[in-house]
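Me: I have a structure open and would like to go through it with you, one question at a time. Shall we start with the ligand and work outwards?

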Amino acid sequence: MREAVIVDAVRTPVGRRDGVLKSWHPVDLLAHTLKAVVQRNKLDPAIIDDVIAGCVVQAGEQAYNVARNAVLSAGFPESVPGTTVDRQCVALSNGGLVRSRLVVIATGLGRQLLGQAGIAKTTIHKAHVLGFGFDIEAESPAIFDTSVLVAHGERPIDKIDYLTLFAIETKIRANLFTYHDPDDPWTQSLRQHPLQTLRRMMPRLEDVTGQIRAIAPVEYRVVDLAEATGHRRAGVVLIGDAFQTSSPAAGTGVSRVLNDIHRLCEVHVPVWLATDGMNTSKISKFYDDPIKQSCDAEALRLAGYRRAVTVETGLGWRAHRGRVALQNLIRSRLERLARPRPAGQGGPSRSWLGGGIAPPPLH
Ligand SMILES: Cc1cc2nc3c(=O)[nH]c(=O)nc-3n(C[C@H](O)[C@H](O)[C@H](O)COP(=O)(O)OP(=O)(O)OC[C@H]3O[C@@H](n4cnc5c(N)ncnc54)[C@H](O)[C@@H]3O)c2cc1C
C-alpha cells in the first residue's frame, strides 16, 4: 500500500465579507492556490491523480464542481480530474464542530447557526405575542397534582390570550400569553407585580385556585413570527422554529417540528442518500413537500387566529367568541356528566373563556 504524504500547504489570504477578494471568482481563487502548489514544488500538473476540494456552500458562483472548474482555470491538463466534497461544517455554541454531508439545523429561535450558513430570517409579524413565565405558591397545591388550569382572558381590551397553571415536579408554573405591546406600561407592571396585575384582569382566578403567590422572577419573551429566507442551500436543511417561528400561544410548535422530522426521516433523507451529493434541488424537495407546507401554513393561520380572537372587537369576532364560549360551556358540562369523579380526586384540565362564562367549579 502506498503511503500518503503532505508535500506542501497553501492557502489564500483571509478576507472579510466585501473585502479585497470580493471581485475574485471562487473558481479562480482556488485555481490560484493549485497553481502555487505546482509552481513552488516544480511539479508537472499532468502527474496529478486527483484534485479534491471541500466547499461548504455549493451555491451561486460556487455551484457545480468547483474543483474541476479550478483545475481547468489553473491551466492543468484536461486529463486531471477534480471532485468537490460537499461536507458541511458547523461550529456549535459549545465549541464543538459538526461535519457532515447533510446538516439539519433545529436551533429554534437561535440565529447563530443560521448566520453561519448565510441564512436570514424575515419577520412576518413583529412582537406577535408576549410570553411570561413564573413560578407560584398555592394555598391548595394539590389542585395541580392532576390538573392543568387554563384561564382565558375575559375582555379583548385586556389582550390576554390565556394563562396556564400546572405542576412541574415540586413547583407550580404559570405561563401567560398576551398581545400587549412590549413597551406598554402594562407589560412592565406584569413583570414587576405579576399576580397583582393579573388579578385586575382575572378577578375570579383565585376563586378557582385558592390564594396564590408568585415566588420567582418573571421570565419574559417577545416572540416575532418569522420565516427563513435564502434557506435553499446544498447540504443544509432547517426544521421546526429554525425554519418558521411558531406562536407559543397557538400550541403548534411541537407538532410542526415532529412533522418536519417525520417527513425528513421517512420520505426525503432516504432518497437523498441513495445518490451522491446533497445539492439544492434535493433540499428543495423537503421545503416544497405539500404535507410540510400545509402544516406550516396551518400553524401561521392559528397564530393569527389566536391573536384576532383575543383582541379583535368587531361584531363578527364578538359573535364568534360568544359561540365558542357557549360550545365550551356545553362541552365541559357534558364531560362532567359523563365522567363524575369521587370527591377529593383531581380531574381533567378545566378552562373558562371570557364573556361572563364561569369556570367549572372544583371538586
Ligand atoms: C412558554 C412556551 C410555551 C410553549 N407551549 C407550547 C405548547 O403548549 N405546545 C406547542 O406545540 N408548542 C409550544 N411552544 C412552542 C414550542 O416550544 C416550540 O415551537 C418548539 O419547541 C420548537 O422546537 P424546535 O426543536 O424547533 O426548537 P427548540 O425546542 O427551541 O430547540 C432548539 C434547541 O437548539 C439549541 N440551540 C440553539 N442555538 C444553538 C447553537 N448555536 N448550538 C447548539 N444548540 C443550539 C437550544 O438551546 C435548544 O435546545 C411553547 C413555547 C414557549 C416559549
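Me: How do the residues of the shell around the ligand divide into nonpolar, polar and charged?

Reply: Happy to help, and please keep in mind that this is a predicted model. The shell around the ligand consists of 23 residues, and the closest are Gly108, Gly110, Gly240, Pro248 and Gly253. Glycine counts as polar in this grouping. The division is 7 nonpolar, 14 polar and 2 charged.

Me: Which element gives the largest share of the shell around the ligand?

Reply: Three elements supply at least two residues each: α3 (112–116), β6 (120–138) and α7 (253–273). The largest share is 4 residues, and the element that provides them is α7.

Me: Which domains does the ligand lie between?

Reply: The chain is divided into domain 1 (1–85), domain 2 (91–119 + 230–307) and domain 3 (125–222 + 348–352). Two of these give residues to the shell around the ligand, so the ligand lies between domain 2 and domain 3.

Me: What residues make up the side of domain 2 that touches domain 3, by nonpolar, polar and charged type?

Reply: The centres of domain 2 and domain 3, taken over C-alpha atoms, are 31 Å apart. Contact between the two involves 6 residues of domain 2 and 6 residues of domain 3. On the domain 2 side, these divide into 3 nonpolar, 1 polar and 2 charged.

Me: Is the chain as a whole compact or spread out for a globule?

Reply: Its secondary structure comes to 10 helices and 13 strands. The globule rule gives 21 Å for 363 residues, whereas the radius of gyration is 29 Å, well over that value, so the chain is more spread out than a compact globule. Along the principal axes, the C-alpha atoms fill a box of roughly 90 × 45 × 40 Å.

Me: What percentage of contacts between residues at least 6 apart in sequence join residues at least 24 apart?

Reply: Burial first, as background: buried residues make up 27% of the 363 residues in the chain. As for the contacts between residues at least 6 apart in sequence, the share that joins residues at least 24 apart is 68%.

Me: Now the strands. Which residue stands opposite Phe166 in β9?

Reply: Let's follow β8 through its pairings. Strand β7 (residues 149–152) pairs with strand β8 (residues 160–168) in the antiparallel sense over 4 bridges, and there the bridge partner of Val150 is Thr164. β8 also pairs in the antiparallel sense with strand β9 (residues 171–178), over 8 bridges. In that second pairing, the residue opposite Phe166 is Arg173.

Me: Which residue takes a positive phi in the hairpin of β8 and β9, and is it buried or exposed?

Reply: The hairpin has 2 residues between the strands, and Glu169 is the residue with a positive phi, near 50°. Glu169 is not a glycine. With 5 other C-beta atoms within 10 Å, where exposed means 12 or fewer, Glu169 is exposed.

Me: Is Asp18 buried or exposed?

Reply: Asp18 is found in the segment before α1 (26–40). Phi of Asp18 is near 60°, a positive value in a residue other than glycine. Since Asp18 has 7 C-beta neighbours inside 10 Å, it counts as exposed.

Conventions: Residues are numbered from 1 along each chain as its sequence is written. This is a predicted model: local features need pLDDT of at least 70, side-chain atom pairs count only at pLDDT 80 or more; totals for chains, interfaces and linings use all residues. Two strands pair if DSSP finds at least two bridges between them. A residue is near a molecule or strand if its C-beta atom, placed from the backbone, lies within 6 Å of it. Domain bounds come from an automatic or database domain assignment. The radius of gyration is taken over C-alpha atoms; the globule rule is 2.2 Å times the number of residues to the power 0.38. A residue is buried if 20 or more other C-beta atoms lie within 10 Å of its own, exposed if 12 or fewer, and partly exposed in between; C-beta atoms are placed from the backbone. Two residues are in contact if their C-beta atoms, placed from the backbone, lie within 7 Å.
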